[in-house]
Each structure stands twice: as C-alpha cells, then as structure tokens.
Amino acid sequence: MRGRRSTVLSITYFWTGQLRPFSKWRLFECLQPKCCASDSLILVDYEKGAYVQKDIIKTEDVRCIGDHDGQNFYIFKDQLAVSVIPYTEVHRSLPVNNPGYRAKALKMLLSNGQPYLTGDAATFTRETGKKDYSVHKISVPSGPIPIVVGTEVREVFSPCSEGKP
C-alpha cells in the first residue's frame with residue numbers, strides 16, 4: 001500500500017434539526033464491481049485492520065444536494081445530512097482535492113433528477129432565536145473574574161423544498 005493513491009470521501013452524519021455530529025465515517029471508492037452499485041455510495045469504516053460496511057446512500061434516498069464551495073457538498077436524505085469531502089489520500093502526504101471523483105459521485109447521486117442547490121439556496125443552518133450561556137473565568141492578580149458568554153444556537157435543517165419553513 002505504500003505510496004498508493006486511494007480515492008476517499010470524508011463523511012459526517014447529522015440528524016436534521018440538530019447541530020451535533022452523529023458519526024464520522026470514510027467512504028472508499030470501490031474498485032471491484034461486487035462492492036459497488038451504479039446507484040449507491042457505500043460507507044465504510046476501518047476497524048481492527050479491516051473495512052466494515054456501515055451504511056449505503058442510494059440514489060433513490062437522496063432528496064437534494066447542497067453545494068457551497070464547489071468542493072464539499074451535502075447529501076440530504078429524509079432525516080439525515082451527509083457532509084462529503086472528495087479527496088485523494090497519498091501515503092505520507094497531505095490529501096488533495098479530487099474533482100473527478102466528486103463529479104462522478106454527484107452525477108450518480110443526482111441521476112433521478114433531484115435538486116442541486118448552490119449559494120443561498122444550499123444553506124442548511126438557521127438561527128433558533130435561543131442562546132446557550134456558559135461561564136468562563138479570567139485570571140487577574142486580584143483573583144478570578146467570571147464572565148458569562150452567550151452563543152447563538154443554530155439548527156440544521158433540510159434545504160430541500162419540502163424541508164423549508
């Protein structure tokens with residue numbers, strides 16, 4: 001395997017309506033026909049020296065795809081969003097973008113005519129009107145000073161037409 005180039009996608013799952021990650025997986029491009037279908041991406045994880053299948057994203061389950069930057073994209077299913085980052089992993093080197101595999105994956109995933117959203121239409125987080133407060137302390141010679149910080153709470157939602165408020 002030394003120096004061998006492997007096409008991979010980095011995957012992060014989110015439940016729609018929540019901001020915290022559900023799981024992180026890698027998707028490896030299958031080089032053998034028996035482990036891939038022309039209508040799905042196979043999600044695997046590397047565990048104890050072997051690749052273990054975790055899930056399959058089928059074309060029929062894709063409601064829409066959101067693309068903000070021309071590199072990463074988000075696949076929206078009914079209650080799930082999957083962050084996909086196509087890159088090529090090179091032994092002992094930094095990963096590099098893989099636009100060829102990205103185009104191949106997008107073509108397959110959108111083959112049923114699902115919407116491909118870009119720009120503002122691809123936005124998938126929104127403000128909730130709530131704040132989350134936390135207390136921090138600053139150390140000064142006279143003793144610690146507590147500071148309360150409020151952070152705007154955001155939620156993940158589906159930008160697909162049925163998911164808009």
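**Strand pairing, a buried glutamine and aromatic contacts**

In this predicted model, strands E5 and E6 form a hairpin with 5 residues between them. Gly70, located in the turn, has a positive phi of about 75 degrees. The two strands of the hairpin run antiparallel and are joined by 4 bridges. Within this pairing, Cys64 stands opposite Phe76 in E6.

Strand E5, which spans residues 64-67, also pairs with strand E9, here in the parallel sense and over 3 bridges. In this second pairing, Ile65 stands opposite Tyr116 in E9. The side chains of E5 are divided between two directions: Cys64 and Gly66 point one way, whereas Ile65 and Asp67 point the other way. All four of these residues are buried.

Gln114 is found in the loop that connects helix H1 (99-109) with strand E9 (116-118). Its relative accessibility is 11%, so Gln114 counts as buried, the limit for this class being under 20%. The side chain of Gln114 makes polar contacts with backbone atoms. It reaches the backbone oxygen of Thr59 at 2.8 Å, and a polar atom of the same Gln114 side chain lies 3.3 Å from the backbone oxygen of Val62. When residues up to four places away in sequence are not counted, Gln114 touches Thr59, Val62, Arg63, Cys64 and Leu109. Cys64, one of these contacts, is also the residue of E5 that stands opposite Phe76.

The structure holds 2 aromatic pairs. In the pair of Tyr74 and Phe124, the ring centres are 4.4 Å apart and the planes lie at 40 degrees, so the pair is classed as tilted. This pair links distant parts of the chain, as its members are 50 residues apart. Tyr74 belongs to strand E6 (residues 73-76), while Phe124 is placed in the loop between E9 and strand E10 (125-140). Both rings belong to buried residues: Tyr74 counts as buried because its relative accessibility is 17%, and Phe124 because its value is 13%. Together with Phe76, Tyr74 and Phe124 form one aromatic cluster. Phe76 thus appears in two settings, as a member of this cluster and as the residue of E6 opposite Cys64.

A further contact with an aromatic ring involves a charged side chain. Arg126 lies over the face of Phe157, at 4.1 Å from the ring centre.

Note on methods: Residues are numbered from 1 along each chain as its sequence is written. This is a predicted model: local features need pLDDT of at least 70, side-chain atom pairs count only at pLDDT 80 or more; totals for chains, interfaces and linings use all residues. Side-chain values use heavy atoms; hydrogens and water are left out. Buried means under 20% relative accessible area, exposed over 50%, partly exposed in between (1.4 Å probe, protein chains only). A polar contact is a pair of N or O atoms within 3.5 Å; within protein, one must be able to donate a hydrogen and the other to accept it, and residues adjacent in sequence count only if both atoms are side-chain atoms. Contact means heavy atoms within 4.5 Å. Rings of Phe, Tyr and Trp (its six-membered ring) pair if their centres lie within 6.5 Å; planes under 30 degrees apart count as stacked, over 60 as edge-to-face and the rest as tilted. A charge sits over a ring if NZ of Lys or CZ of Arg is within 6 Å of the ring centre and within 35 degrees of the ring normal. Two strands pair if DSSP finds at least two bridges between them.
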